[in-house]
Amino acid sequence: MQSNLSPIRVLVVEDDPEWVRSLSLYLDVEPDLLVAGWAPGPEQALAAARSLEYDVVLMDIQLGDGVQDGIATAADLLEIREVPVIMLTSVGEEKAMTRSFSAGAVSYVEKSRYADLPAAIRMAVHQPVPMQALLKEFRRLKREEKLQPLTAAEREVFELIEEGRTQPEIVRRLFKSESTLKNQVNRILKKLGARSSREAVRQVRRGDTDSEAGHSGDFKEDGKS
């Protein structure tokens, strides 16, 4: 937890070491900001999240060869520790920004406007309530939009899958046969455009929309996907 008496500790997730070096020099001039760590990719970011103390994350949207892995990585980091995540982008893309906010990011700054970063960091840490309330409502609406195609019965099944319930548990709880449940799961995956129950949950939680439709062959008897 960051206090007003200590510097804001920043974790930078960015695959360009030269840009990170320049950014660190720029931020470290600010007396209330401290770059606490750097991770060049998703795996290193998750390791840093488990070992470092930090108050805010600067996350490059495009980690690697133009792939927007930063959005999924942001969601993964928030599952480990709930701190503000600010997305860094070279070009403002509306779809990418929407997916970033759905994943839990609180703001974004274009890299060309790096001078805005100190103020964005301070606002995210010290004045999070109005922004987070708006983003929480935004994520709720995006979730409802994603689940809108499901019937009430299908949504009930999906929410139990999301809770981590196994297939036998869902069968007993909803008084359904295994074949009925499997058919419902197949319809859920088709409507959500997911290949597995795990992917469906991931998409709804993070606002992803890019996966191809598939079938529920991985919805096993133990409920794991």
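**A parallel sheet and the elements around it**

Strand E4 is covered on both faces: Val85, Met87 and Thr89 are buried on one side, and Ile86 and Leu88 are buried on the other. The model described here is a predicted one. Since five of the five residues of E4 (residues 85-89) are buried, the strand is largely enclosed by the rest of the structure.

The neighbours of E4 may be taken in turn. Strand E3 (residues 56-60) pairs with E4 in the parallel sense, and four bridges connect them. Val57 has Val85 as its bridge partner in E4. Strand E5 (residues 107-110) also runs parallel to E4, to which four bridges join it. Here the bridge partner of Thr89 is Glu110 in E5. Thr89 is thus a residue of E4 that is buried and that has a bridge partner in E5.

These pairings belong to an open sheet of five strands, arranged in the order E2-E1-E3-E4-E5 with parallel pairing. E2 and E5 are the edge strands, each of them pairing on one side only. From one strand to the next, the twist averages 25°.

Within this sheet, Asp60 deserves separate attention. The residue is placed in strand E3, and an unreviewed UniProt entry annotates Asp60 as "modified residue: 4-aspartylphosphate". Is Asp60 buried or exposed in the model? Its relative accessible area is 4%, which lies under the 20% limit, and Asp60 is therefore buried. When neighbours within four places in sequence are left aside, Asp60 is in contact with Val13, Glu14, Asp15, Gly70, Leu88 and Lys111. One of these contacts, Leu88, is among the buried residues of E4.

The discussion now turns to the helices. Helix H3 (residues 69-80) lies across strand E1 (8-13), E3 and E4, and runs at about 160° to E3. The packing of two helices is described by the angle between their axes and by the distance between those axes. For helix H2 (residues 42-51) and H3, the angle is about 20° and the axes are 10 Å apart. Because angles under 35 degrees count as roughly parallel, H2 is roughly parallel to H3. The crossing of H2 and H3 is right-handed. On the H2 side the contact is made by Pro42, Ala45, Leu46, Ala49 and Arg50, while H3 contributes Asp69, Thr73, Asp76, Leu77 and Ile80.

Another part of the chain is the loop between helix H1 (17-28) and strand E2 (33-39), where Pro31 is found. Pro31 counts as exposed because its relative accessibility is 77%, a value over the 50% limit. Between Pro31 and Ile8 the separation in sequence is 23 residues, and their C-alpha atoms are 9.3 Å apart in space.

Helix H7 (residues 152-162) completes the account. Which residues of H7 are buried? They are Glu154, Val157, Phe158, Leu160, Ile161 and Glu162. Just after H7, Gly164 adopts a positive phi of about 95°.

Key:
Residues are numbered from 1 along each chain as its sequence is written. This is a predicted model: local features need pLDDT of at least 70, side-chain atom pairs count only at pLDDT 80 or more; totals for chains, interfaces and linings use all residues. Side-chain values use heavy atoms; hydrogens and water are left out. Helices (H or I, at least four residues) and strands (E, at least two) are DSSP runs, numbered from the N terminus. Buried means under 20% relative accessible area, exposed over 50%, partly exposed in between (1.4 Å probe, protein chains only). Two strands pair if DSSP finds at least two bridges between them. UniProt positions are given in the numbering used here, feature names are shortened, and annotations may be inferred rather than shown by experiment. Contact means heavy atoms within 4.5 Å. Axes are lines fitted to C-alpha atoms, for helices over the stretch in contact, and angles run from 0 to 180 degrees between N-to-C directions. Angles under 35 degrees count as roughly parallel, over 145 as roughly antiparallel, 65 to 115 as roughly perpendicular and the rest as oblique. A crossing is left-handed if the near helix is turned anticlockwise from the far one by less than a right angle, and right-handed if clockwise.
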